[in-house]
Amino acid sequence: ILPAGKKYSFVAQQDNFYPISENLDLKELTAYAEQTKDLYLLPIEKGEVIGLNNIFFEFNEAELKSESFNELDRLFDILVQNNDLKIEISGHTDDKGSDEYNRSLSKSRANSVMDYLTSKGIDKVRLTAVGYGESNPVVANDNDDNRAINRRVEFKVM
């Protein structure tokens, strides 16, 4: 049982799988409510694309917010534990703005993630940053909730 009025994050992890984290925002909760959340762990194997759930940027910016560091530290730990692992970090946007602007912003955001990992000691030859802009949506960009889903950072095991 968690007290209302706060934001919480939680993690599920298992050997040979990428740990997944989620947020639970109870700031607006006014009455007791039970919630269920299924978490699906993805194996760390070639070709697997894994979303980084708790990566945050200001609107139209590429600088990482400090709330992103826990998620990135989990990725760092995986890279340290698997020192032959190479990944492609991909940035994605929604469909607001021009194609060129979205590609540039998504590339800058992927670079910010790569810069964070290299600043912690990961060799840059193990990392590639790509900006896909709005070209690979997960869901249709037909409402604000869906656009939020499409604004994301993922990595692919190479």
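Helices α1 and α2 are oblique to each other, because their crossing angle falls in neither the parallel, the antiparallel nor the perpendicular class (angles under 35 degrees count as roughly parallel, over 145 as roughly antiparallel, 65 to 115 as roughly perpendicular and the rest as oblique). The axes of α1, residues 69–81, and α2, residues 99–119, cross at roughly 60° and come within 10 Å. Axes here are lines fitted to C-alpha atoms, for helices over the stretch in contact, with angles running from 0 to 180 degrees between N-to-C directions. Helices (H or I, at least four residues) and strands (E, at least two) are DSSP runs, numbered from the N terminus.

The crossing of α1 and α2 is right-handed; by this convention the near helix is turned clockwise from the far one by less than a right angle, whereas an anticlockwise turn would be left-handed. On the α1 side the contact is made by F69, L72, D73, L75, F76 and L79, and on the α2 side by V113, Y116 and L117. Contact means heavy atoms within 4.5 Å. Of the residues in this contact, 8 are nonpolar, none is polar and 1 is charged. In that division Ala, Val, Leu, Ile, Met, Phe, Trp, Tyr, Cys and Pro count as nonpolar, Asp, Glu, Lys and Arg as charged, and the others, Gly among them, as polar.

A word on the basis of all this. The model is predicted, local features need pLDDT of at least 70, and side-chain atom pairs count only at pLDDT 80 or more, while totals for chains, interfaces and linings use all residues. Residues are numbered from 1 along each chain as its sequence is written, and side-chain values use heavy atoms, with hydrogens and water left out.

Let me stay with α2 for a moment. S106 is placed in this helix. Is S106 buried or exposed? With a relative accessibility of 1%, S106 counts as buried; buried means under 20% relative accessible area, exposed over 50%, and partly exposed in between, for a 1.4 Å probe and protein chains only. A polar atom of the S106 side chain lies 3.3 Å from the backbone nitrogen of Y132. Leaving out residues up to four places away in sequence, S106 touches G91, H92, T93, V130, G131, Y132 and G133.

One of those partners, H92, deserves its own description. H92 belongs to strand β6, residues 87–92, and is buried, at a relative accessible area of 4%. Which side chains does H92 join through polar contacts? The side chain of H92 has a polar contact of 3.1 Å with that of S90, and another of 3.2 Å with that of E154. A polar contact is a pair of N or O atoms within 3.5 Å; within protein, one must be able to donate a hydrogen and the other to accept it, and residues adjacent in sequence count only if both atoms are side-chain atoms. Beyond four places in sequence, H92 is in contact with S106, Y132, G133, N136, N150, R151, R152 and E154.

N150 also appears among the contacts of N141, which include D94, D95 and R147 as well, again not counting residues up to four places away in sequence. N141 sits in the loop between β7 (127–133) and α3 (144–150) and is buried, with a relative accessible area of 16%. Its C-alpha atom is separated by 8.9 Å from that of K96, 45 residues away along the chain.

I turn now to the strands. E22 is in β3, residues 20–25, and counts as buried at 18% relative accessibility. Outside its neighbours up to four places away, E22 touches Y8, S9, F10, K37, L39, N53 and N54. From C-alpha to C-alpha, E22 and D99 are 30 Å apart in space, with their positions 77 residues apart in sequence.

P43 is in strand β4, residues 42–43, and is partly exposed at 21%. P43 and V157 are 114 residues apart in sequence, and their C-alpha atoms are 9.9 Å apart. With residues up to four places away left out, P43 touches N16, F17, E48 and I50.

Finally, two asparagines with positive phi. N16, in the loop between β1 (7–12) and β2 (17–18), has phi near 70° and is exposed, at 63% relative accessible area. N60 lies in the loop between β5 (49–52) and α1; its phi is near 60°, and N60 is partly exposed, at 36%.
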